[in-house]
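Me: I should like a close look at one part of this structure, namely how one of its helices packs against its neighbours. Please set it in the context of the whole chain and add some individual residues.

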Amino acid sequence: RLFCASLSVAGRTEVHQRPLQSRHPGAWASGAAIGPRRNDTFVRSASSAASSTSSTCESEWKLYLALDKQDEASHVALARFVNGLWQLHAQAHKELDADGNGKLRKDELAKNGHDLGLARQHVVKVQGASSSIRLPKNITPAVAKEFLERCREGGVLAASDLERLLRKTRQALLAEPAINRVPAPKAEGTSVIVVGDLHGSISDLAKVVELGGAPGKTTYIFNGDFVDRGRHSVEVMACLCALKLAHPTSVFLNRGNHECKALSRSYGLQQEVKSKYKGPIALSLFEDLASVFASLPLGVVIGGGEGDLVRALVVHGGIPSDTSVGLKEIELGLGLDREGRHAQRVCKREGMKSSLQIPDTEDFETKFLEDLLWSDPATDDRGVNIRFNEGRKAGCTYSLGAADIFLRKEGLTTLVRSHEVMREGVEWWRCAEGTELYTVFSCSNYPDKRGLNEAAALKFGPQPRPMVK
């Protein structure tokens, strides 16, 4: 029982049901069946034309994906370069402070229009912003629901309330393990919904919660990439934080590759903050957002216990490149320090080493963080290969066979990841007999409502296979 609903089309919601062709074995469609026309010649001509059009569309889509990855690789290089400048600047001021000369306070930098030594960027006015929204200190489910609606209507949260919201959320996230575990849905009416990349699309966030229902009987896993490439990244983050505080056991936030201070600066999140919050507070709010990023858990396991029909791992990018590393090692190794040391790990160095074996301890930890957040499946590879991800210049590419080995070692059957835009919002692949992989993407018309893709979310219920919404 599988259907696909586009979450947003040009500002107007349109829900429809249709099959996903051979992309999922359980696909079905409702509505009247459409049979062939009586004119066989017309049918053959139309079929040929449709096939030609489909082939052209497929080629264009592949080109779009290649350009999108190339763009992201360029931003990674820019983020690493800018982060290197930031480190040089910080070191220079540290040395000056040690000599007692040239001391320049952080508030003076902000006042003079500089962000840690970088010149002020041009401010782009964000359209649709209305008066500031105020939040009470206690975030209840009703408050979170109303706040999401206000943000969808164009509201912007007041700076002091956003600061308090981010800091409270950070403390809540730090209390969680690096890999969360939620029970498999068993009772009728219960479900777990996995939401893919949102990329600053507040309309898609509001729509997926509307379709899935209020958190409670429904558990939500938001699988990273909440920000960048959309004009409402601040509001998306704020609403997710409010949902997390209002429903701490029913809303889970995973870290994505864009939840990185240096990368989000390169992609424009810092600029968005400056355009909505004037003066020194903008720099402080961006630092608070970066602290939340560093505090985010890395994945969620759904079910996995004896008798569970759902046994899934939800992570933004993929599996570790070292086949000896499992979830326990990830939780103990990368989960011990989410106070900030990992906040800029991916963009810390000038470039990535193409070798998967990196002996330095800090680089070793960096590599596995990159694997989880940046990696992509090589869906045409049925072997057990894991290679450096040349397309993104970070993370790895892993074959379906490698994914199968990892899942079986962990006693799981399903890998759910995001990280890549999908034309219909979701794609499905069989790794091997008994194991499978989904890519789910929940930002429609990506990026920033200029694209052509649909959005989707995966809904796990008491049945063994998820539905696609």
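Reply: The account below begins with the conventions and the whole chain, then turns to helix packing and to single residues.

This is a predicted model, in which local features need pLDDT of at least 70 and side-chain atom pairs count only at pLDDT 80 or more, whereas totals for chains, interfaces and linings use all residues. Residues are numbered from 1 along each chain as its sequence is written, and side-chain values use heavy atoms, with hydrogens and water left out.

The protein chain contains 13 helices and 16 strands; these are DSSP runs numbered from the N terminus, helices being H or I with at least four residues and strands E with at least two. Of its 469 residues, 54% count as buried (under 20% relative accessible area, with exposed meaning over 50% and partly exposed in between, for a 1.4 Å probe and protein chains only). The chain exposes about 21000 Å², of which carbon and sulfur atoms supply 53%; the areas come from the Shrake-Rupley method with a 1.4 Å probe, and for residues only the protein chains shown count as cover. Among contacts with a separation of 6 or more, 73% join residues 24 or more positions apart, contact meaning heavy atoms within 4.5 Å.

The part chosen is helix α6, residues 233-246. Helix α4 (residues 159-174) packs with α6 at an angle of about 55°, their axes 9 Å apart. Axes are lines fitted to C-alpha atoms, for helices over the stretch in contact, and angles run from 0 to 180 degrees between N-to-C directions. The two helices α4 and α6 are therefore oblique to each other (angles under 35 degrees count as roughly parallel, over 145 as roughly antiparallel, 65 to 115 as roughly perpendicular and the rest as oblique). On the α4 side the contact is made by Leu162, Leu165, Leu166, Lys168, Thr169, Ala172 and Leu173, and on the α6 side by Val234, Ala238, Cys241, Ala242, Lys244 and Leu245. By class, the contact of α4 with α6 has 10 nonpolar, 1 polar and 2 charged residues; Ala, Val, Leu, Ile, Met, Phe, Trp, Tyr, Cys and Pro count as nonpolar, Asp, Glu, Lys and Arg as charged, and the others, Gly among them, as polar.

Helix α6 also meets helix α8 (residues 269-276), their axes coming within 9 Å and crossing at roughly 90°. Helices α6 and α8 are therefore roughly perpendicular to each other. Ser233, Val234 and Glu235 of α6 make this contact with Leu269, Glu272, Val273 and Lys276 of α8. The residues of the contact of α6 with α8 divide into 3 nonpolar, 1 polar and 3 charged.

Histidine 247 lies in the loop between α6 and β6 (251-253). With 11% relative accessibility, histidine 247 counts as buried. Its contacts, leaving aside neighbours within four places in sequence, are Pro141 and Pro215.

Elsewhere, helix α12 (residues 400-409) holds alanine 402 as well as phenylalanine 406. Alanine 402 counts as buried at 6% relative accessibility, and phenylalanine 406 counts as buried at 6%. Isoleucine 319 is 83 residues from alanine 402 in sequence and 8.6 Å from it, C-alpha to C-alpha. For phenylalanine 406 and isoleucine 319, the values are 87 residues and 7.4 Å, C-alpha to C-alpha. Beyond four places in sequence, alanine 402 is in contact with Ile319, Gly383, Val384, Asn385 and Ile386, while phenylalanine 406 contacts Leu313, Ile319, Pro320, Val325, Gly326 and Leu327.
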